[in-house]
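Here's a quick tour of a structure you can turn around on screen while you read. We'll start with some backbone geometry and work inwards from there.

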Amino acid sequence: MPASSSASSSASSAFPPPTSPPSLVIVGAGPRGTGLLERIAANAAELYDGGRLDIHLVDPFPPGGGRVWRHEQSPLLWMNSMAEDVTMFTDASVESEGPIRPGPSLAEWSARIRSGELAITGFDGQLDAEARDLTSQSFASRRLQSAYMRWVYEQATAALPPGIAVHLHPHRAVRVTGSREGRQSVWLEGRAEPVTGDLVVLALGHLDAEPDAEQRGLAAFAAEHGLVHLPPEFTADSDLSVLAPGEPVIVRGFGLAFVDLMVLLTEGRGGRYEEDGASGELTYHPSGQEPVLHIGSRRGVPYRSKIGYAWSGERPPLPRYFGPAQVDELLARPGRPDFRREIWPLIAKELGFAHYHELFSAHPERTTLTWPEFDARYAAADPGSAELHALVAAAVPDPADRLDLAALDQPLAGVRFGDFDLLQEGLRHHITADLARRHDPAYSPDLAVFLGLLSVYGQMLRLGDIGEWWHGFFSYVASGPPGPRLRQLLALSKAGVVRFLGADTSVAADPVLGVFRASSPSVPGASVEAQALVEARLPGPTVDRTRDPLLRSLHEQYGEDGAGVTSTQAGLVAVTAEDGRVIDRSGRPHPRRFALGPHTDARSAGAFTRPGTNGPAFRQNDATARALLTFLRAASSCTGCTGALSA
């Protein structure tokens, strides 16, 4: 049944009569809300037996892409995954109770457009040309991904059985009220009456946050001295016009937010790249409108390049050392497991297994033992033990073929440069070497480690809030920029538009000179001064400082009925690992409120994923959809009843 796109179409259901059908409110129409809708459609035949159901989808941004993947953003901004590695559909690898409903990846969807099998309306000429030229190895623009997400949303709504209707509400949700035993009211910005539902799902996606104490201090200093300070935020939403051409800008953060910043301040201001036909090396030709970006971070290097080749051969049989049995054992221990002492050693051994399985399988000439012999001795060695290190040293002669997670994480640890010019040369060498390795199938164990990271992330969901380090490490190794972006970074460095600061970059406010000053132990005694500071990273998903009014109101709610949400030590919404039910102030799972996404302690690596990798978000969406439909089926047979229904 097609969705209604007008807010007024669902206004009549704001206060449903006792005989009205059950209803569900999903706050957030982006990839997570869309994925949940797809799973509702997939499971409805089994769990909802043809009854009526109203689904209210609340989001000020268009459904499918939501805010982050909306069409209205620069066409220069890309995805950081190849088109063949992006899907919103389940496949045989997904471990779920609900039915598998395969569908095209972004690359396959574009191929169907080229073949004429699909006719997509609403494309402008640029998007149409991109879709027709896209290959499986292409990095699509976010605007093309927005069109794909809109199409997925349309497919999900079309797959709903008769009687289930979707009503769009293009408003911001600001508050949710209602007892544990009764229907929930979701209040919308600019609307006098709420949307009501038997259940509410918060699929809010990435959220803005109020600045922390450090950022408030820097902002106050900037205001006092007439400087520019851009706090952590979505780069696509930042006002970059305040960054003047030719002026130095200190930038903290070397991940994907920085890549967006780099693009918008260079090509976005009229600069262009020229490729040498023989070497393939890029040269950047400035427009004169670019500022000079002095970039530093904790690691001091950019995120690792996306791997530029496809998998071939046998995949490592994962999980092996960090699977359901190990997680069960961790959860059975008294108290919360310590990440560094109890969890990380298991992860490290799992990643090592993935790495060496591929090395011995695909490149046996670079090893000295047979795989069965190595595998047996590796299994017997304790994680991180001297025995394990000795085994690897004996079996893998070349250090370049060994997995050194510490060196991978901190490549500049202990490295010192005599001056900033030497640092520029050192960083360009590091980036060039990373690009070469990540595009050379001779180092296919790197791709095996990537698959290991995906497997580990899927297991981590059950452990809840384990701190921020793991998520940062995962993003740095597995979710870095496309190779072409790093080639552009090298060209910008050589052109002097980008200057590297080093590792453990710190920024101080100099009240005497009225400037920001950045320094790093990578270049002892040196510093850079600037009148502009950009924090090139997303704000942390903390409930305590969220700018989202709905989540903030839930965080502040108290009451005898256990209203509100429980936040973890890291400020995440605590939910049940099984189906995403919100843990309320009483410490109990709320029977009528659910939450999915990065603001929860069951956050997954992303709402869409690489095909064939048992995507955690798909598993979560399926479990939550089944819990919702089970509850709503009971509600449909009890229309007009009072009292609590249980799932």
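Asn 614 is buried, since its relative accessible area is 15%, under the 20% cut-off for that label. Keep in mind that this is a predicted model. The residue sits in the loop between β19 (589-595) and α17 (616-636), and its phi is near 55°, a positive value in a residue that isn't glycine.

Asp 504 also has a positive phi without being a glycine, this one near 50°. Its loop runs between β13 (498-502) and β14 (506-510). With 44% relative accessibility, Asp 504 counts as partly exposed. Here are both side by side:

| Residue | Phi | Relative accessibility | Loop between |
|---|---|---|---|
| Asp 504 | near 50° | 44% | β13 (498-502) and β14 (506-510) |
| Asn 614 | near 55° | 15% | β19 (589-595) and α17 (616-636) |

One more backbone detail: the peptide bond joining Leu 318 and Pro 319 is cis, with omega at about -5°. You'll find Pro 319 in the loop between β12 (292-296) and α7 (324-332).

Now for a helix. How far apart are the end C-alpha atoms of α4 (residues 142-158)? They are 24 Å apart, and that agrees with the 24 Å its 17 residues should span at 1.5 Å a residue. Of those 17 residues, 13 are buried, so α4 is largely enclosed by the rest of the structure.

On to the nonpolar packing. The largest nonpolar core has 87 residues, and the members touching the most others are Phe 258, Phe 322, Ile 347, Met 460 and Trp 470. Helix α13 (residues 445-460) is the top contributor to this core, giving ten residues. Take Ile 347: beyond its neighbours within four places in sequence, it is in contact with Phe 322, Phe 339, Val 456, Met 460 and Trp 470. Apart from that core lies another one of 30 residues, including Leu 24, Ala 41, Tyr 153 and Leu 596.

What about empty space? Searching the whole structure turns up five cavities of 30 Å³ or more, and the largest has a volume of about 70 Å³. Which residues line the largest cavity? Its lining is made up of Tyr 457, Met 460, Leu 461, Gly 464, Asp 465, Ile 466, His 471, Leu 572, Asp 601 and Arg 603. By class, that comes to five nonpolar, two polar and three charged residues. Met 460 turns up here in the lining, as well as among the core members that touch the most others.

Notes. Residues numbered from 1 in each chain as written. Predicted model: local features only at pLDDT ≥ 70, side-chain atom pairs only at ≥ 80, totals over all residues. Heavy atoms only, no water. Helix = DSSP H or I, 4+ residues; strand = E, 2+ residues; numbered from the N terminus. Expected span 1.5 Å × (residues − 1). Buried < 20%, exposed > 50% of the residue type's maximum accessible area, 1.4 Å probe, protein only. 1 Å grid on protein atoms, 1.4 Å probe; cavity = no way out; pocket = protein on both sides within 12 Å on 5 of 7 lines; lining within 4 Å. Points joined across faces, edges and corners; volume = space filled by probe spheres on them. Nonpolar A, V, L, I, M, F, W, Y, C, P; charged D, E, K, R; others polar. Core = buried A, V, L, I, M, F, W, Y, C linked by side-chain atoms within 4.5 Å. Contact = heavy atoms within 4.5 Å.
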